Amino acid sequence: MNIPIIPETASSVRTTCPYCGVGCGVRATVHADGTTEISGDTQHPANAGRLCVKGSALDETIGLDGRLLYPHMRDSSTSNLQRTSWNQALDTVAQGFSDIIKRHGPDAVAFYVSGQLLTEDYYIANKLMKGYIGSANIDTNSRLCMSSAVAGHKRAFGADLMPVCYEDLELADLVVLIGSNTAWCHPVLFQRIAKIRETRPAMKLVVIDPRRTATCELADLHLPVKAGTDVWLFNGLLHYLSQHGKTDAAFVAAHTNGLDEALAAAAASSADPLTVAKICKVNVRDLLAFYDLFASTEKVVSAFSQGVNQSSAGTDKVNSIINCHLLSGRIGRPGMGPFSITGQPNAMGGREVGGLANMLAAHMDLDNPAHRQTVQTFWNAPRIADKPGLKAVDLFQAIEQGKVKAVWIMATNPVVSLPDADQVQRALARCELVVVSDITEKTDTNDYAHVLLPALGWGEKDGTVTNSERRISRQRPFLSPPGEARADWQILCSVAQRMGFDGFRYQSVHEIFDEHARLTAHDNAAENTGRQPRLLNLSGLCGMSKTQFNAMQPVQWPVMPAAHDEPQGTQRLFTDHHFVHPDGKARFIPTAPRTPKNMPDQDYPLSLNTGRVRDQWHTMTRSGKSPKLNNHITESFIDMHPQDALLCGVREGSLARVSSPWGAMVARVQHGGGIPRGSIFVPIHWNNQSASDARIGAVVNPVVDPISGEPEFKHTPVRVEEFPVSWHGFILSRHDLALGEIAHWGRIQGRALTHYEVAGRNQISHHGQWARQLFGIHDPDADWLEYEDKTAAIYRAVHIRDDRIESCLFLSPRPDLPSRTWLASLFAKDMLEEADRVGLLIGQPIEKGIDTGSTICSCFGVGRNTICDTIRQQNITSVAQVTSCLKAGGNCGSCVPEIKKLLELTMAATEEN
Amino acid sequence: MLRSAGTFGTCLSGAYQQPTGLDRHMTAMQTGKTKPALVVIGNGMAGMRTVEELHKLAPDLYDITVFGAEPYGNYNRILLSPLLAGDKKMDDIMLHTREWYRQHQITLHTSDPVVAIDRRRRTVRSRAGIEVTYDRLLLATGSTPFIIPVPGHQLPGVIAFRDIQDVETMLQTARSHRHAVVIGGGLLGLEAANGLLRQGMEVTVVHVCGSLMERQLDTAAAQLLKKALEQKGMRFLLDTNTSEIVGSERVTAVRFQDGSEIPADLVVMTAGVRPNIALAKQAGLHCERAIVVDDTLQTYDPRIYAVGECVQHRMATFGLVAPIWDQARVCGAHLAGAGHRRYVQQATATKLKVTGVDLYSAGNFIGGEGSEDLVMRDPRRGIYKRLVLKDNQIIGAVLYGDVKDGPWYFELIQNQTDISALRNQLLFGQALCSEAA
């Protein structure tokens, strides 16, 4: 366990959730026994006390198991990572980088950082790279999620500005969710929408997404557009608005440029709704219903996320959406505007300090000499990067080509998350110096590290993050640094100093924040510069004392100095219709639609879509530690249409291999019911630590948007084929096991157990021997129960020690194994009862009805069967009734769409009977 | 049944002609107002059960005479074990009292075995010289325990475990002596050993095989059984051949082939039985290992039937009660002239009658070509279950520790139920399977 900073009972710290871009306030209460209680911060404006299931389970992710606690270096003779001292490690990094810079110039080194970093960490990384090393080779995993939105904002508004606030979602009469499974990926925002719709039933929700996701359960209209056709759709909308006179001519005339070109482009591609409907593969009536609804509703928020951004036409998609808001003048007013929902907790903060290869700092531009001058002067830096650096995908290609020879990866796992992820492995394998800072000891990326540095994790680190509505919130520590772990900014500063750079002598994180705030205000007044002022301005937050910084309340930028004590944040941008292009006007961008770069063909007939699942985060280094979260979806999967499965010769529940020209992965086929024909969906989270071969990144094509450099994660031509195995099985064990060579495995952290899903091709001649060996049982008198159907190759064994279940193993040639839920629950018992023992080999309790099924509500641990049974028995007709009976859905509410679906299914089934 | 008709055409045609002959004969006898005579040789369970079955169908058809070697009415031999163990009393095990014979007008000669059959004259003669003519003769001579002919096997104190006399000997010896040796670790031997143990003797079971009850149990179950019996105090010498019974006045020890010796005041031989066929052979009836009968339990002489442990039907001989009940039913029907039944060998089930040991064995537990096994082991709870499947049917079952589903499995065996749909739950019992269904 970490050592809590505040050991008294009931002392709590207000901090911010480290998962998605909603940026919910969290209250962490550390109890005297060292346990931590997590609750939503009722005073935080983003969530007002709500938390999604991931946030609620944060306490299960802060344990020290699997933590990287000490610096390590790869021993040249054994090529194993060996523990080393900080001095040694830092010297190696500093010398390595200096050396390579001396030999090959500053562009031969790079940082690849992350939206998981705090703003202050980001600030230092950017300052070191751009101002001192003199290269712009710092890019971030934010490139993978919202760089198209950044580019779109810059093209339309002149800077990376997000005009709206969360409240606008509640004030709108129409919310359009585009390429966003908000219910699963930004649950608290979705709950805010759902809640307000209860009081304002007239408010409409339209979801535009190729998949019928959980988000669609609450939608009035779902447009299942074909992947990659969004620009046709929104060009059509722009044309429709123009044709039907639903424009704000005065606004357009006074505050925008470029309408004619944009309209011409729209008319060229999308003048005919029938054609648009055909291209987008949606029902033309639905399409027109959407156009009409948009046209006739004044207060519209168009919220978009990765489904828009992760595309080779991502930037155009963003602009095609913004165009519609500009034409109708729906921007800068309550309840309306385009809204980029960011994926990561601090993607916005990273953008603010210039954490992308094509930005400078404080929303200043690399290609603007005046901006470069401003920043260099402010930093008093020896040099300043003067051209954009390598963006994520290009960066790793440059590493493989030997152009970049040293890379420092911080708080991200590119071997899992980048497209063409096998290429990332090749690149790192040949890279001269790979430095990795992380909180986790074993990740797919750490395998390639020469130097491994232990960083602080959530609950330990201190600083700020910015959420999707520009709100800066404090992440505050409540646990002391474990082992020798250090804050990322400290590690960076130590290396910078060892490289001989001044300007990195910070005593505490608040000094960095202050410097960042001052930079945003520096040289940033119209009267001084004659230029458009930069809207990112934190002058109201400059000069805070450490105490003031510690007490800082969540605030939305721009933050101007206030007459009174409290700094004044800004809820909405562009309320004065003033944009930040030199002419102060917004720009329409003509968007000529184009299909995804690689289209399906005979060899790769399906298109791959990737994304998140509800209860996991990124590459699972944290969420994967939580048994509660692992209960929802235990394994990676390939969601596909049953007819496609038939054509591919795969069946639900069995394993299949997805491959593209770039790579392959293996997962279990499922028919979730939300996938149109011709495409499949695979989640992004699983990796080499959690499964034998589940890195979907390896399959994704390394195609990027030409402007934003954001990869096309939502569209890769693939084929699906059977992954033949001769047996399937699962293992639950109190201890981690060495599985050895096994064709397929998945590892799931459970409560007091590790759960493995396994499948093999080898013939096991003696199941009993094999199993005993696997569990390391040599005592012939061990309490060992087994069931064997030798010819059918079915084998089950349970090992009990001192009346406590120690491990169990179920094997079958088919994937039709019993439910793991009940067996897993037995691990919580110190003593098995007789009735439990009887059911062990059956894998279910002998008394009927105790198997609650897969967990639907993770908060209260309510299973599917329990919900369905209750619905039937109580004749329940609404989710609220389910909640009042079972509590399910009553906490975070992220399972409400699933409950709703169960309600429909159960009610339909009851009617049939 | 159709299947057996094809294979055993000869037997069937012989049996088919039989009722016609009987009818003609009986008509003649009835008109003469004298009942035909049925003589039963053997006052045991098989013979008397057949008479009972006959009575159900045709109570007044025959004048019946029964000869028995033992001095009792008919008793349930199976219950000798509980009698020995003290769980049952003599009255509890009597099936037919002398009163019953009187009521049914059956002439009973006890302690008087038949010594000769004259088939030409259709008469039997007893040891006491009683000669009776028969129209139908039923051989139910049973079997004799096999006494291993080692030196000393005739010494006083060496007995079998076959009848009430043996039980009485054992009970008496237990009162005055200490060491008992049971030779033969089959079902009967273990029951005898258990009984003697219960009577306070120190009991060693000597068995030539390495595994107890090898005809009913696989080695895994036998291991569990051995362990359980050892815990009760029983001792075992497995893989052990007896070479001599030592003693002068009476038995004092048992010596083995390896030269070792253990003290013995009582030796119970339970090393199998031999069908009693001397009488039949002497009468010229066709015998192999036992008296050969067809599917109607008729011997090669159409007037003579045979049932029980003395018969051989389709290469098989019998020791358990269930098939003998079946034989009695078929034979009784044929004697009654309602002879449409055929005896079909069925799987058999065994339960060991030892308190605290739950053991159930049914059917063919060895399996063989094309058979499949479902096995479950929970040694800590003392549970072992094995089902033998063939062609999606259960053909055998061995249950140890948890036998509650034994009868259900037995039913599935007998009904030849296709279990493919239940296969994955089958071993976990009927409750779960019916839930799943």
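**Lys281, chain A.** I started with the exposure of A:Lys281 in this predicted model. A:Lys281 comes out as exposed, with a relative accessible area of 57%; the cut-off for that label is over 50%. I then looked up where A:Lys281 sits, and found the loop between α11 (273–280) and α12 of chain A. Its backbone caught my eye too: phi is positive, about 55°, although A:Lys281 is not a glycine.

**Arg122, chain B.** What is the phi of B:Arg122? I get a positive value of about 55°, and again this residue is not a glycine. I placed B:Arg122 in the loop between β6 (114–118) and β7 (123–126) of chain B. Is B:Arg122 buried, exposed or partly exposed? I noted partly exposed, because its relative accessible area is 23% and the class runs between 20% and 50%.

**Annotation on chain B.** I checked the UniProt record, an unreviewed entry, and it lists "domain: FAD/NAD(P)-binding" for residues 38–316 of chain B. I took the C-alpha atoms at the two ends of that span and got 26 Å between them. Helix makes up 26% of the span and strand 30%.

**Aromatic pairs.** How many aromatic pairs does a search of the whole structure find? I logged 28 over all chains. I pulled out A:Phe234 with A:Phe290, an edge-to-face pair with 6.2 Å centre to centre and 85° between the planes. A:Phe234 belongs to helix α8 (residues 230–243) of chain A and A:Phe290 to helix α12 (residues 284–296) of chain A, so this contact ties together parts that are 56 residues apart in sequence. I looked up exposure for both rings: A:Phe234 is buried at 1% relative accessible area, and A:Phe290 is buried at 0%. I followed the ring pairs outward and ended up with a cluster of A:Phe234, A:Tyr240, A:Phe290, A:Tyr291 and A:Phe294.

**Charges over rings.** I found the charged end of A:Arg474 over the ring of A:Phe549, 4.0 Å from its centre. I also noted A:Arg761 over the face of A:Phe723, with 4.3 Å to the ring centre.

**Cis peptide.** Which residues does the cis peptide bond I looked up join? They are A:Trp557 and A:Pro558, and omega is about 0°. I put A:Pro558 in the loop between β19 (555–556) and β20 (586–587) of chain A.

**Leu541, chain A.** I looked up A:Leu541 next, which lies in the loop between α22 (526–529) and α23 (546–550) of chain A. This loop residue is buried, with 1% relative accessible area. I also took its C-alpha to C-alpha distance to A:Met665: 48 Å in space, for 124 residues in sequence.

**Cavities.** My search of the whole structure turned up 6 cavities of 30 Å³ or more. I looked into the second largest, which holds about 80 Å³ of space. Its lining includes A:Cys17, A:Tyr19, A:Cys20, A:Cys24, A:Cys52 and A:Lys54. I checked which helices contribute, and both α1 (53–56) and α7 (187–199) of chain A supply at least two lining residues each. From α7 I can name A:Pro187 and A:Val188. How does the lining divide by residue type? I have 9 nonpolar, 2 polar and 1 charged.

Definitions and conventions: Residues numbered from 1 in each chain as written. Chains lettered and ligands numbered in written order. Predicted model: local features only at pLDDT ≥ 70, side-chain atom pairs only at ≥ 80, totals over all residues. Heavy atoms only, no water. UniProt positions renumbered as here; feature names shortened; annotations may be inferred. Helix = DSSP H or I, 4+ residues; strand = E, 2+ residues; numbered from the N terminus. 1 Å grid on protein atoms, 1.4 Å probe; cavity = no way out; pocket = protein on both sides within 12 Å on 5 of 7 lines; lining within 4 Å. Points joined across faces, edges and corners; volume = space filled by probe spheres on them. Nonpolar A, V, L, I, M, F, W, Y, C, P; charged D, E, K, R; others polar. Phe/Tyr/Trp six-rings, centres within 6.5 Å; stacked < 30°, edge-to-face > 60°. Buried < 20%, exposed > 50% of the residue type's maximum accessible area, 1.4 Å probe, protein only. Lys NZ or Arg CZ within 6 Å of the ring centre and 35° of its normal.
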